[in-house]
Amino acid sequence: MRQGLSFNQLIIKAWEGGGVGMAATFFGEVVKAPCRAGTEDQEEEEDERRETAEDREVRRRLARKREVRLFRRQTKTSLEVSLLEKYPCSKFIIAIGNNAVAFLSSFVMNSGVWEEVGCAKLWNEWCRTTDTVHLSPTDAFCVFYHLKSNPSVLLCQCSCYVAEDQQYQWLDKVFGSCPRKNMQVTVLTCRHVTDYKTAESTSSLHSPFLKALKTENFKEPPCCSLLEQPNIVHDLPAAVLSYCQVWKIPAILYLCYTDVMKLDLITVGAFKPVLSSRSLKGLVKNIPQSTEILKKLMTTNEIQSNIYT
């Protein structure tokens, strides 16, 4: 048996308001996570009794401020249904974080004509998305596109942080309550190499390197080795994979472990094996040209970073 993880060998540790963490202790173990629901309900009831009308108004305003909204930037109109209900797709490629976004921008979006179909607007303690039409690498944004020559191929560029209490909203606005099963989801993201758990010495790790985690219904061979136990997947990538596992949607996460979390040429290049995957194969036409575009993007980012520092 291959010593890697498929999604059904993980434990969902939490999904309170959409926050998800996943872990496993040993291969094949089935564990029931402890439940504090009764205690938390009692604590919430006590807090509600102590709340004043002013407290409730503050909470209501904060909750409204933290709502995730999908709209068209060109027309400033909100999407009345979920994104994938309005734009059914066969392939959905999601880049989360600056390096994954730069990879898709240089190697995939450069090879075809992509049309923007939506944009997520959100606010939290860590970021505030911009709704300007012309985006720069230093902006926080979450934008969705489809390929004009094949509108069933959708792509998401998400450089912003989606907080735990906003992840369920994001999933609901994007996938909806009853998603199609005949699509394939590919997620790209990065984590710092210090998050990688291994029996080997961390000094022997040659970062950046790529690992994969897939749902039970994803049947294709991954483009790299599978993520070993007891490693954990975090934040929005974990939420997307959890959602796909529950709805039996074929999905795979490619996780790049790196020691440079800012936009980095070598880290972006670590995603190149994914170009041979079924989801991305055929979308990239000129790799040398894409590499040059990536270098120009890095230069632009450095200039803008120096302006804002």
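Two strands count as paired here if DSSP finds at least two bridges between them. In this predicted model, strand 5 (residues 91–96) and strand 8 (residues 150–158) meet that requirement, since six bridges join them and they run parallel. Within this pairing, F92 has L154 of strand 8 as its bridge partner.

Strand 8 also pairs with strand 7 (residues 142–147), in this case in the antiparallel sense and again over six bridges. The connection from strand 7 to strand 8 is a hairpin that passes through two residues. Opposite H146 stands L154 in strand 8, and L154 is also the residue that serves as bridge partner of F92.

**Aromatic contacts**

A pair of aromatic rings is described by the distance of the centres and the angle of the planes. A search of the whole structure finds nine aromatic pairs. One of them is formed by Y196 and F209, whose ring centres are 5.0 Å apart and whose planes stand at 75 degrees, so the pair is edge-to-face, the class for angles over 60 degrees. Y196 belongs to the loop between strand 9 (184–192) and strand 10 (209–214), whereas F209 lies in strand 10, so this contact ties together parts that are 13 residues apart in sequence. Y196 and F209 are both buried.

Another pair involves Y243 and W247, with ring centres 6.2 Å apart and planes at 40 degrees, so this pair is classed as tilted. Y243 counts as buried because its relative accessibility is 7%, and the limit for that class is under 20%. W247, by contrast, is partly exposed, with a relative accessible area of 26%. Ring pairs link Y243 and W247 with F92 and F175 into a cluster, and F92 is the residue of the parallel pairing whose bridge partner is L154.

An aromatic ring also takes part in a contact with a charge: the charged end of K65 sits over the ring of W123, at 4.1 Å from the ring centre.

**Salt bridges**

Side chains of opposite charge can pair when their charged atoms come close. Ten salt bridges are found in a search of the whole structure, and the table gives three of them with the separation of their N and O atoms.

| Salt bridge | N to O distance |
|---|---|
| E57 and R60 | 2.7 Å |
| R69 and E67 | 3.2 Å |
| K211 and E228 | 2.6 Å |

E57 and R60 both lie in helix 2 (residues 53–65), where they are three residues apart, or about one turn of the helix. E57 counts as partly exposed at 28% relative accessibility, and R60 is likewise partly exposed, with a relative accessible area of 44%. The contact between E57 and R60 belongs to a wider arrangement, in which E57, R60 and R61 are linked in a network of salt bridges.

In the bridge between R69 and E67, R69 counts as partly exposed at 34% relative accessibility, and E67 falls in that class at 33%.

The side chains of K211 and E228 meet in a salt bridge, at 2.6 Å from N to O. K211 lies in strand 10 and E228 in the loop between strand 10 and helix 6 (235–246), so the pair ties together parts that are 17 residues apart in sequence. K211 is buried, with a relative accessible area of 9%.

Conventions: Residues are numbered from 1 along each chain as its sequence is written. This is a predicted model: local features need pLDDT of at least 70, side-chain atom pairs count only at pLDDT 80 or more; totals for chains, interfaces and linings use all residues. Side-chain values use heavy atoms; hydrogens and water are left out. Rings of Phe, Tyr and Trp (its six-membered ring) pair if their centres lie within 6.5 Å; planes under 30 degrees apart count as stacked, over 60 as edge-to-face and the rest as tilted. Helices (H or I, at least four residues) and strands (E, at least two) are DSSP runs, numbered from the N terminus. Buried means under 20% relative accessible area, exposed over 50%, partly exposed in between (1.4 Å probe, protein chains only). A charge sits over a ring if NZ of Lys or CZ of Arg is within 6 Å of the ring centre and within 35 degrees of the ring normal. A salt bridge is a side-chain nitrogen of Lys or Arg within 4 Å of a carboxyl oxygen of Asp or Glu.
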